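Good morning, colleagues. Thank you for the time; I would ask you to look at the structure on the screen while I go through its sheets and its interface.

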Amino acid sequence: MAVVTVAPGQPAAPSVPPAPPLRRDPAHGVVGGVCAGLGRRLGIDPIILRVLFVVAAAAGGSGIAVYLLAWVAIPAEGEDSTPVTRLAGRRDTWLVAGGIVMLALSVLLLLRQWGIWFSDAFVWPVLLVAAGAALIWRQAGTRSEVPPAPPVPAQPRAAAAPADPAAPAAEEPLLARTGEVLGRLRTEAVGRSWLGIALVVVGGIAFLYLNGALVAARDVVLAVLVVLVALTVILAPWWLRLVRGLSAERAERIRSQERAELAAHLHDSVLQTLALVQRRADDPREVAALARRQERELRAWLNRGGPVTSTPKTLAVALEQAAAEVEETHGVQVDVVAVGDAPLDPRGEALVAATREAVVNAAKFAGGGPVSVFAEADDGHLQVFVRDRGPGFDPAAVPPDRRGVRESIVGRMERHGGRAEVHTAPGAGTEVELTMERA
Amino acid sequence: MSLPSVVIVDDHALFRAGVKAELDGLVDVLGDAPGVEEAVPLILRVRPDVVLLDVQMPGGGGAEVIRAVTRTNPGQRFLALSVSDAAEDVIAIIRAGARGYVTKTISGAELADAVRRVASGDAVFSPRLAGFVLDAFAGAAAAVPAEIDPELDLLTTREKEVLRHIARGYLYKEIAARLHISTKTVEAHVSAVLRKLQLSNRHELSRWAAERRLVE
């Protein structure tokens, strides 16, 4: 073999790369350069390979077929593609492949007819194995040849990013497309590898079978199969029971988890409240407020299937929450009845705030009686009535420094395009009517 | 006027005892029953003016009691008394035939008043029930299918007005004063609404209840 003297400073041995890609080498070859290329790739003297091919050809023609296959399948030195890959780039790849197979078959049959043949039981399996091996090897080759995503585009992108915000956006689809193509290549490659493996295995088994090597094995395989079937029959019910038992156990676990959750909630809420009720038994107002609060909380929990969210999304929920808060701080029963509902926009929030103020007033001045809140939302407007059965008052007699109603209720409603009216008279209770057009 | 007679049906013994004590002297409690099976023969035997009926009970609940009793005695009057204020429970018991619905937090005097009202053939709507009915009949004007009887499936303006006042917490006589009509007329409106609620085959009613179930 040629020994290259390397001048100092020169890159080491460019003519003998560590693992050169498989290429035909027509320049040094005899026929198509297949043996020369293979030899260089495998590090064997091409002569040995040539002798092997000739022997295989003499032994039944398979050598010729394999050589021809290799000729078209392996690209020549300096070329990046073979006729095959060029053909394979087309859409009708399988048509081409079928054509090649037919061609190879006809050549083989011709050889068989001429008597340049070894034996059916040898040539056909060997061909199958060879085709499979070719597929696997080619796949192994292309996989290492597919370059990892080049780092080149990443660099300008990073550099250009602050100056040109459009650049990443423009590159994104390209990268995505590259990834997509790579992914498809990979799945195709995997598929071809499996096809190759299947061909090799089928070829091997066919070889063994045709040469009678499986006769002994068949009995063993049969025995193993029978044992397997018997085991399946024996173990299946047990296995099924195991699976069912597992799912039953899982269901049971979920149930017990739910029970634990329920118990935890009842403990945190109802039992705590009951303990408080026992301790405050001498204060009926406090006890009533506690019971009421607990009732409200439990209802919300039962209805919504979970704890109450802290940020209400709709008018009705917000009103319920405001009522619950007033009830808690002032110890007065507040009943909310809502008809229809609306999303909570700024107007709705103002309406809730004004309602809250009216409820607080009712709780303070109505003598502890229940307060009714009725809210109605239709397509046109939102309306809230806050009514108590207290002593009522004479609106004209309200001192001018009492700003609660004027500012927090009337003023707030008017600022948001609504209006507030107070209907009251001494002895007739009080009703605050709040009206707001919907946004 | 003699006191109205009552049978209490509730699966909670503690609650039955509490109601009995509260109604003592206001109505005549003829008996009580803890469930559907015990209640039906008792009611048919003693024939009370009003049956105070819990909505949720094992064995079919209050609706089952109403169905079983009215097969033999269609004139029996029921007042639903429930801790549940879920719309589907309330609407279901009213449609089964109860003449009113009140929550268990109601005071003894108010309950006695409601019993008297039902005994005399009126309907008793709590503010919440009024709200549910308004909700159920809302948006009705939009599209009424041809097979639906508008007599049964739409509320009149006056009926809606009365229901709104009930929902706002007004008593019948206060409503009468505000609307310049007699208390009898208010009662007539409420009874008409009750009849519509019970007889209407309005698809909105069932659909509405189903939606509530989904939303909540």
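**Two sheets and an interface**

Let me begin with a hairpin in chain A: β4(A) and β5(A) are joined by five residues, and G427(A), which lies in the turn, has a positive phi of about 90°. I should say at once that this is a predicted model.

The two strands of that hairpin, β4(A) and β5(A), the latter covering residues 430-437, pair in the antiparallel sense over seven bridges. Two positions may help you to follow the register on the screen. T424(A) stands opposite T430(A), and G418(A) stands opposite M436(A) in β5(A).

Now to the sheet that contains the hairpin. It is an open sheet of five strands in chain A, in the order β1-β2-β3-β5-β4, and its pairing is mixed. Which strands stand at its edges? They are β1 (334-339) and β4 (418-424) of chain A; each has a single partner strand, so one side of each is left without a neighbour in the sheet. From one strand to the next, the twist averages 10°. Helix α11 of chain A, residues 315-330, lies across β1, β2 (371-377) and β3 (381-388) of chain A. The helix runs at about 175° to β1(A).

I turn next to chain B. Here six strands form an open sheet with parallel pairing, in the order β2-β1-β3-β4-β5-β6. The edge positions belong to β2 (28-33) and β6 (124-125) of chain B, and since each has a single partner strand, one side of each is left without a neighbour in the sheet. The partner of β2(B) is strand β1 of chain B, residues 5-9, and the two pair in the parallel sense over five bridges. Within this pairing, S5(B) has D28(B) of β2(B) as its bridge partner. Helix α5 of chain B, residues 108-119, packs on the sheet and touches β1, β3 (50-53), β4 (77-82), β5 (100-103) and β6 of chain B. Its direction makes about 155° with that of β4(B).

Finally, the interface. How much area do chain B and chain A bury between them? The value is about 1500 Å², with 44% of it on carbon and sulfur atoms. Chain B contributes 18 residues to the contact, and chain A contributes 15 residues.

As for specific interactions, the rule finds four salt bridges across the interface of chain B and chain A. One of the salt bridges joins the side chains of R168(B) and E431(A), at 2.6 Å from N to O. Eight residue pairs are in polar contact across the same interface, both residues of each pair being at pLDDT 80 or more.

On the chain B side, α6 (127-136), α8 (157-167) and α9 (172-179) each supply at least two of the residues that touch chain A. α6(B) gives the most, with five residues. By class, this side of chain B has six nonpolar, four polar and eight charged residues.

Thank you; I shall be glad to take questions.

Terms used
Residues are numbered from 1 along each chain as its sequence is written. Chains are lettered from A and ligands numbered from 1 in the order in which they are written. This is a predicted model: local features need pLDDT of at least 70, side-chain atom pairs count only at pLDDT 80 or more; totals for chains, interfaces and linings use all residues. Side-chain values use heavy atoms; hydrogens and water are left out. Contact means heavy atoms within 4.5 Å. Buried area is the accessible area (1.4 Å probe) that two parts lose on being put together, summed over both. A polar contact is a pair of N or O atoms within 3.5 Å; within protein, one must be able to donate a hydrogen and the other to accept it, and residues adjacent in sequence count only if both atoms are side-chain atoms. Helices (H or I, at least four residues) and strands (E, at least two) are DSSP runs, numbered from the N terminus. Ala, Val, Leu, Ile, Met, Phe, Trp, Tyr, Cys and Pro count as nonpolar, Asp, Glu, Lys and Arg as charged, and the others, Gly among them, as polar. Two strands pair if DSSP finds at least two bridges between them. Axes are lines fitted to C-alpha atoms, for helices over the stretch in contact, and angles run from 0 to 180 degrees between N-to-C directions.
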